[in-house]
Amino acid sequence: MQLLLGGTIFGATLLGVMVRPRNISEAWVALLGAVAMLLVGILPLKAILPTLAREWNVYGFFVGLMLIAFFAEQAGVFQALALQAARWANGSAQRLYLAVFLVGTLITAVLSNDATALILTPVVWTLASRLRLSALPFMFACTFIADTASALLPVSNPINILVLTRFNRELLEYWAYLLVPSLLCIGWNIGLFAWLFRRDLQGSYDLALLDDLTIANPRLYWATLIGLGSIAVAYVAGSLWQVPLAFVALAGAALLAAISWWNGTFKPKQALHELSPALFGFISGMFLVVRAIEQLGWTERFGASLLQGSGASLGNIARVIFGSALGSNMINNVPMTLVMTSTLEHLPSTPEPALIYATIFGADLGPNLTIVGSLATMLWLVILRRKGMEISAKQYFKLGLLFVLPSLLIGTFWMWLMA
């Protein structure tokens, strides 16, 4: 009976996250799912605090990341990067398109895919509108590169932290498995989209249209830029020395807050407003829902049906990458990552590193297939709707299909070679 109840609640929670009936937020859906698991006795009350406490590194990283992004935006860093990209392109729409991809890669690598979608999208929209260029290719560049580049560093996607919190791995090993396929997929993304949108990118623009855009506080801008560089170095060092990245993110946020205060622009209430209760509610609810299905043994059964042991065979790697990607597009990559990590934890023996990194790769790049695959894409879609631009699921899927399948094959064969 509990198996049936648990499966029904889990399915209803995932469906609610995807459909959002009556615009109920994902946070409320996930939390209601957790409460339902508690009420029917599947999730023990005593398991709630230990389950959430185990994820302290994830919570701390999210808090630090949101504050870092806020202070960087306040200092005009993202606007300045867009302006520099436009000047570097020197009037060529094609070069500007390449520059947007490169800026998006940089922001994703250091600040995460969600920051790219949330901050770069409106900046690039404004830039394209001012320069009288077709905004559509540039908008697709913002969302796709947010996920495509999100495996470059452990901090490039919050789900990387979800996985690495469970499996303590070294940065050099992480790069050995993920750096080359990530770079290949970034190149594939740029080349494919430049060709698909070649007609929209044939024009040129007049740089004089940007003459009135300036940095309001140059001293704050340069100090924040140096601070961001220090944080990027600290991320890499922390990953190398296996320091919990929550500490790095929170210290980085404190550094940028101090710079803001020193320049007289510190607004604590506005900074705290940037912390999204909905995001924390969503991931907390999903942590508890997945914990409940672990109690029922569902993840063990899932692992037994998906994998043939814990070895890094080509078949196992392919099943993990494509399974993570497909599941991410069905139920969003956060819950899918939680299910996959739980599955790997419950294998009869310790999983091979290739399977751990296959989970990250599939859940990072796979969401480029649909508009509901990742939080970054959903944020991007909300921003575009506010601007009056509608992107259909079919339109997104056509692009995603061309890009994602070759990308997943690249990742599969690279990890098989590395195993």
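Select the 17 residues around the second largest pocket, and colour them by class: the lining divides into nine nonpolar, six polar and two charged residues. Here Ala, Val, Leu, Ile, Met, Phe, Trp, Tyr, Cys and Pro count as nonpolar, Asp, Glu, Lys and Arg as charged, and the others, Gly among them, as polar. Of the 17 residues that line this second largest pocket, N57, L164, N168, V243 and P244 are the closest to its centre, and the volume of the pocket is about 300 Å³.

Before going on, note that this is a predicted model, in which local features need pLDDT of at least 70 and side-chain atom pairs count only at pLDDT 80 or more, while totals for chains, interfaces and linings use all residues. Residues are numbered from 1 along each chain as its sequence is written, and side-chain values use heavy atoms, with hydrogens and water left out.

A pocket, on a 1 Å grid over the protein atoms alone, is an open set of points with protein on both sides within 12 Å along at least five of seven lines, whereas a cavity is a set of points where a 1.4 Å probe fits but cannot get out; lining residues have an atom within 4 Å of a point. Grid points are joined across faces, edges and corners, and a volume is the space filled by probe spheres set on the points.

Now show the helices, which are DSSP runs (H or I, at least four residues) numbered from the N terminus. Helix 4, helix 9, helix 10 (171–196) and helix 11 (218–240) each supply at least two residues of the lining of the second largest pocket, and helix 9 gives the most, with three residues.

Move next to the largest pocket, which has a volume of about 1,100 Å³. Its lining has 36 residues, and L118, S276, L375, M378 and L379 lie nearest its centre. Among the elements that give two or more residues to this lining are helix 1 (2–19), helix 7 (113–130) and helix 19 (375–386), and helix 19 gives the most, with eight residues.

Which residues lie nearest the centre of the largest cavity? Select D114, P158, I159, V334 and L375, which hold that place among the 14 lining residues. About 110 Å³ of space lies in this cavity, and the largest share of its lining, three residues, comes from helix 9.

Stay with D114, which is in helix 7. D114 counts as buried because its relative accessible area is 12%, where buried means under 20%, exposed over 50% and partly exposed in between (1.4 Å probe, protein chains only). Leaving aside neighbours within four places in sequence, D114 is in contact (heavy atoms within 4.5 Å) with P158, L375, A376 and L379.

Then select A151, in the loop between helix 8 (135–148) and helix 9 (158–166). A151 has 0% relative accessibility, so it counts as buried. Not counting residues up to four places away in sequence, A151 touches S156, N160, Y174, L178, S182 and D364; A151 and S182 are 31 residues apart in sequence, yet 6.3 Å apart in space, C-alpha to C-alpha.

Finish with the largest nonpolar core, a set of buried Ala, Val, Leu, Ile, Met, Phe, Trp, Tyr and Cys residues joined through side-chain atoms within 4.5 Å. This core has 152 residues, and those with the most contacts inside it are L96, F138, M139, I283 and W380. Helix 4 gives the most to this core, with twelve residues.
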